[in-house]
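I opened this structure as a newcomer and kept notes on what I looked up. The entries follow the order in which I went through it.

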Amino acid sequence: MKTNLPLDADRLWADVMALADITDPARPYTRRSFTALFLEGRAWLAQRLAEAGLTTRIDTAGNLIGRIEGNNPELGIIAIGSHSDTVPSGGRFDGIAGVATGLEIVRALRQSGTRLDHTIEIIDFLAEEPSEYGLSCIGSRGMTGSLDGKMLDLTEPGGETLRDALRRVGGNPDRLIEAKRNDISAFLELHIEQGIVLESRSLDVGVVTSIVGIRRIEIVFQGEADHAGTTPMALRHDALAAAANTVEAVRRAAEQLAAEGEDYFVATVGILTVEPSASNIVPGRCRLVIDARTTNPELTARFVGTIDRESAAHAAAAKVTRPKFETLSDGPPVACDPDLRAALRQCAHDLGLGEMDLPSGAGHDAAFMSRIAPSAMVFVPCRKGKSHAPEEWADREAIAAGAAVIYQAVRALDQSLPRSRGGEAA
């Protein structure tokens with residue numbers, strides 16, 4: 001690991017820790033999107049961006065954006081970003097490290113007296129993690145024109161729509177088109193690997209080659225709630241029986257597809273709700289949400305067809321109905337930009353860091369940003385690959401190394417990106 005890096009590793013680390021400490025004390029490290037704690041973290045971040053000399057705003061899609069003008073604004077924007085929200089008990093580094101990296105890069109540029117030709121933006125995307133409204137990557141969807149009216153009408157368990165929640169955190173769903181961008185020349189994101197490859201090979205950084213596509217499917221089974229002691233087994237309409245067999249079908253189908261060849265495929269039932277949820281009542285309603293991820297959309301289509309057929313059969317066998325089988329969201333797999341990847345590899349080499357190409361099995365805002373701009377990611381190792389858990393950990397030196405690669409890449413791209421562009425911000 002090279003120690004003479006072109007930024008302040010201690011300052012970067014302090015930012016990561018400070019933002020992570022804004023958490024639900026009962027569930028470290030939790031800062032869910034749209035909550036009071038999330039807004040507190042946003043206020044802290046906006047203050048740090050302002051102190052670093054950036055102007056800040058929240059766009060109509062609810063993204064917090066810090067901006068520092070370049071010498072030639074007509075060249076467009078080099079954007080660096082990630083997200084500050086977490087999953088429940090989600091860890092201190094997922095997303096946070098990427099946002100803090102952007103902040104530290106701007107400070108290091110200013111400290112060195114460097115003003116780039118390109119304008120720089122640091123973006124904290126709204127709700128990258130799956131939100132209470134059943135949707136992930138809300139901010140990056142909005143910035144890329146991928147957040148539609150059906151999504152805005154999604155509701156959380158208390159009945160609030162995403163449309164109203166977006167207003168509550170400073171966005172404006174009625175003017176969402178204003179968030180869509182066409183002035184970004186390059187987008188870069190740092191993230192912990194959330195896997196064990198880099199750690200197992202003692203490498204400093206991974207240059208991400210591709211990001212999986214993710215489809216989320218909601219299934220609802222409707223039966224009849226009855227007394228658990230007096231309703232004979234043959235007369236039950238047990239929604240949980242259909243749901244349990246469907247969960248098993250998801251696991252079996254995913255294992256079969258994953259074993260077929262080189263394409264990556266995984267599927268998870270991460271949400272399963274039972275109503276009325278009492279030990280002496282036959283379950284009358286069950287809802288489950290499936291998360292399916294792949295590098296090959298054809299596998300997803302086959303998986304969905306299998307689960308459609310099997311869940312319908314399980315509903316019939318349990319004498320219940322299946323009123324809902326619906327896709328909540330669907331993002332295709334994407335390849336990271338080859339020119340940006342080459343720049344990142346060269347910068348890692350110049351810094352004396354060990355690097356490798358690495359695909360991402362997790363979703364990221366960079367996947368949506370690739371729809372509007374060349375995009376790439378840098379992974380840094382995390383201990384035992386742990387993520388989305390309180391034990392999530394990345395070393396100070398690891399984050400600093402990844403941030404240094406992006407810092408060097410930003411400086412290089414400022415000179416190597418095309419010197420003319422075809423459009424301005426929408």
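Entry one, the open sheet. I found that 4 strands make an open sheet in the order β9-β11-β7-β12, with antiparallel pairing; strands count as paired if DSSP finds at least two bridges between them. The names come from DSSP runs numbered from the N terminus, where a helix is H or I over at least four residues and a strand is E over at least two. At the edges stand β9 (265–275) and β12 (321–331), each with a single partner strand, so one side of each has no neighbour in the sheet. From one strand to the next the twist averages 15 degrees, where axes are lines fitted to C-alpha atoms, for helices over the stretch in contact, and angles between N-to-C directions run from 0 to 180 degrees.

I should record what I am looking at: this is a predicted model, in which local features need pLDDT of at least 70 and side-chain atom pairs count only at pLDDT 80 or more, while totals for chains, interfaces and linings use all residues. Residues are numbered from 1 along each chain as its sequence is written, and side-chain values use heavy atoms, with hydrogens and water left out.

Entry two, what packs on this sheet. I looked first at strand β7 (residues 213–222), which pairs with β12 in the antiparallel sense over 8 bridges, and there Q222 has T321 in β12 as its bridge partner. Helix α9 (residues 297–317) packs on the sheet and touches β7, β9, β11 and β12, its direction making about 165 degrees with that of β12. Helix α8 (residues 239–258) lies across β7, β9 and β11 (285–294), and runs at about 175 degrees to β9.

Entry three, one residue of α9. I picked R302, which is placed in helix α9, and looked up its surroundings. R302 is partly exposed, with a relative accessible area of 37%; buried means under 20%, exposed over 50% and partly exposed in between, with a 1.4 Å probe and protein chains only. Leaving aside neighbours within four places in sequence, R302 is in contact with L257 and E260, contact meaning heavy atoms within 4.5 Å. I also noted that R302 and H191 are 111 residues apart in sequence and 31 Å apart in space, C-alpha to C-alpha.

Entry four, strand β4. Is strand β4 (residues 119–125) largely enclosed or not, I asked, and why? I found that 7 of its 7 residues are buried, so β4 is largely enclosed by the rest of the structure. In a regular strand the side chains alternate between the two faces of the sheet. In β4, T119, E121, I123 and F125 point one way and I120, I122 and D124 the other way, and all are buried.

I then followed the partners of β4. Strand β2 (residues 64–68) pairs with β4 in the antiparallel sense over 5 bridges, with G66 opposite I122. Strand β3 (residues 77–83) runs parallel to β4 and is joined to it by 7 bridges, and I78 has I120 as its bridge partner in β4. From β3 the chain crosses through helix α3 (residues 96–111) to β4 in a right-handed β-α-β crossover, a term that applies if, with the strands pointing away from the viewer, the path from the first strand over the helix to the second runs clockwise.

Strand β1 (residues 55–58) pairs with β2 in the antiparallel sense over 4 bridges, and I58 has L64 as its bridge partner in β2. The hairpin of β1 and β2 has 5 residues between the strands, and in it G62 takes a positive phi near 85 degrees.

Entry five, backbone details. Most residues other than glycine have a negative phi, and most peptide bonds are trans. I noted that the peptide bond from P28 to Y29 is cis, with omega near 0 degrees, and that Y29 is in the loop between α1 and α2. A cis peptide bond also joins E275 and P276, with omega about 5 degrees. S89, in the loop between β3 and α3, has a positive phi near 50 degrees.
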